Amino acid sequence: MDALVSLCKRRGFIFQSSEIYEGINGFWDYGPLGCELKRHIRDAWWKSVVQAREDIVGLDCSIIMHPRVWEASGHTASFADPMVDCKSCRKRFRADMLCEDQDAKLIKTDKGFALPDGIKCPACGAKDLTAPRAFNLMFKTFVGPVEDESSVAYLRPETAQGIFVQFQNVLAVARQKVPFGIAQIGKAFRNEINPRNFTFRSREFEQMELEYFIKPGTDAHWHEYWVAERLKWYRAIGLPEESLKPYVYGKDELAHYASACTDILYDFPFGMQELEGIAARGDFDLTQHQKFSGKSMEYFDAETREKFIPHVVEPSAGVDRIALALLCEAYREEWVPTADTPGEPIEAECGKQPPAGYEARTVLRFEPAIAPIKAAVFPLLKNKPELVAKAREVFAVLQRRWPCFWDQTGAIGRRYRRQDEIGTPFGVTIDFQTLTDQTVTLRDRDTMKQIRLTIAELPGHLANIID
Ligand code: ATP
């Protein structure tokens, strides 16, 4: 993890927010490569969930909504984590995680929670912790010039509620029939007690949420369908089956309104952790908003002439956690043959030097569709104007379609290595032969094999692999 965090900073994937002021805990900035990576994740999700289907439409709601939204959804009253303070060093911790880290389980009581015996403060070691109490995770703010109780508003802790609140408006314009879905991507904010594991648990993050509205009674079928769909999507973006695990909630773990919930976990270096939750939430959310707003949330089925409040299945994923999983999955330290040694990359052995004829490389083996930069274009020599001019022509063609990188400095091998480290799947080199026969060499990041093809063939060849 340390090597990955350092690469993320060094190469411009992820920076600490407000770093020049010593940072702010739980907030992160995405650099030039990080924001491309996130953009490709969002695009892949939108393509699979909205664009490629006829039954799902998009929505983009405001981050601050009427505070009644959060009363209706239950967030004002109970979107809380149990928190404890160390009486000795005054540090604050999330009680359930503290117990988990010390191989214990937080005890549920009638009034809330209690710590089991023997739990220590992880900062100072004292066994002097307060009893757990509920800490609401919503960030509060004020709307308008007066800061009093009547102007309190919240930064949304999830994007989903905006979808429920706009259900009737979207239904009226989208010409959809149940089953159909509304999808949204956007920022969410939670005042997490202990942000940790790099970007995994942040206080500001991005969600990709789908509310799929269904006929009551079809919940189990659609829940199973969406778990399978989402697992398929994770595999397509480069997270292999063996790194993923669905965690099926037991009946006693479900929220009172939910009939099923499955988390998709990824095998992070810090343990199996959630990327996405897929919940069958019944009609809880729409019913609550109907109750609190006094507006009907019913749907009229023109075929059966029935009126009902649709049930919903909600796949809810985090962009930042998926970006982190993709970085973890892609990161490799390898030994690769030097220029005149034939052969393929081999996995580096920790703490050892590469064998003769090999050198070390760090590579991010992203799927081409997800890689921040798709191709790097290199004129073989920067002081030959005819090579540079030709390479510029090729670069212009590719850059129109994909994020590409221009690099004319240093030995060609070093230029390849720089691209390997940021996961660029293709290197295109323009050499003297290009000037005579219009062909370029195309180098594959993973196998390091090179082929020659014409400039005319290049965009089509790449499109088949990237798009
Ligand atoms: P956790 O149990 O890890 O706190 P959660 O079950 O509360 O997560 P949900 O409310 O189901 O999370 O949110 C849906 C998704 O939003 C999560 O699967 C995750 O990808 C993302 N997410 C939630 N909280 C955070 C956070 N603090 N930082 C980054 N992503 C988050």
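Author: A polar contact is a pair of N or O atoms within 3.5 Å; within protein, one must be able to donate a hydrogen and the other to accept it, and residues adjacent in sequence count only if both atoms are side-chain atoms. This is a predicted model, where local features need pLDDT of at least 70 and side-chain atom pairs 80 or more, while totals for chains, interfaces and linings use all residues. Residues are numbered from 1 along each chain as its sequence is written, and side-chain values use heavy atoms, without hydrogens and water.

Reader: What makes S202 a polar contact of the ligand?

Author: A polar backbone atom of S202 is 2.8 Å from a nitrogen atom of the ligand, and the limit is 3.5 Å, so the pair counts. F200 also offers a polar backbone atom, 3.2 Å from a ligand nitrogen. With E192 a polar side-chain atom is involved, 2.8 Å from a nitrogen atom of the ligand. E192 and S202 are among the nearest of the 15 residues around the ligand (a heavy atom within 4 Å), along with R201, E274 and L275.

Reader: How do you know whether C124 is in a disulfide?

Author: A disulfide is a pair of cysteine sulfur atoms within 2.5 Å. The closest cysteine sulfur to that of C124 is in C86, 3.7 Å away, so it is too far for a bond. By this rule there are zero disulfides. For C99, the nearest cysteine sulfur belongs to C121, 13 Å away.

Reader: Why is C99 called buried, and C124 partly exposed?

Author: Buried means under 20% relative accessible area, exposed over 50%, and partly exposed in between (1.4 Å probe, protein chains only). C99 has 0%, so it is buried; C124 has 38%, so it is partly exposed. Across the 467 residues of the protein chain, 49% are buried.

Reader: What makes β3 and β13 edge strands?

Author: Strands (E, at least two residues) and helices (H or I, at least four) are DSSP runs numbered from the N terminus, and two strands pair if DSSP finds at least two bridges between them. The open sheet of seven strands is ordered β3-β11-β12-β18-β15-β14-β13, with mixed pairing. β3 (56-59) and β13 (244-248) each have a single partner strand, so one side of each lacks a neighbour in the sheet.

Reader: How do you know that β13 pairs with β14?

Author: Five bridges join β13 to β14 (residues 260-268), and at least two are needed, so they pair. The two strands run antiparallel, and Y247 has D263 in β14 as its bridge partner.
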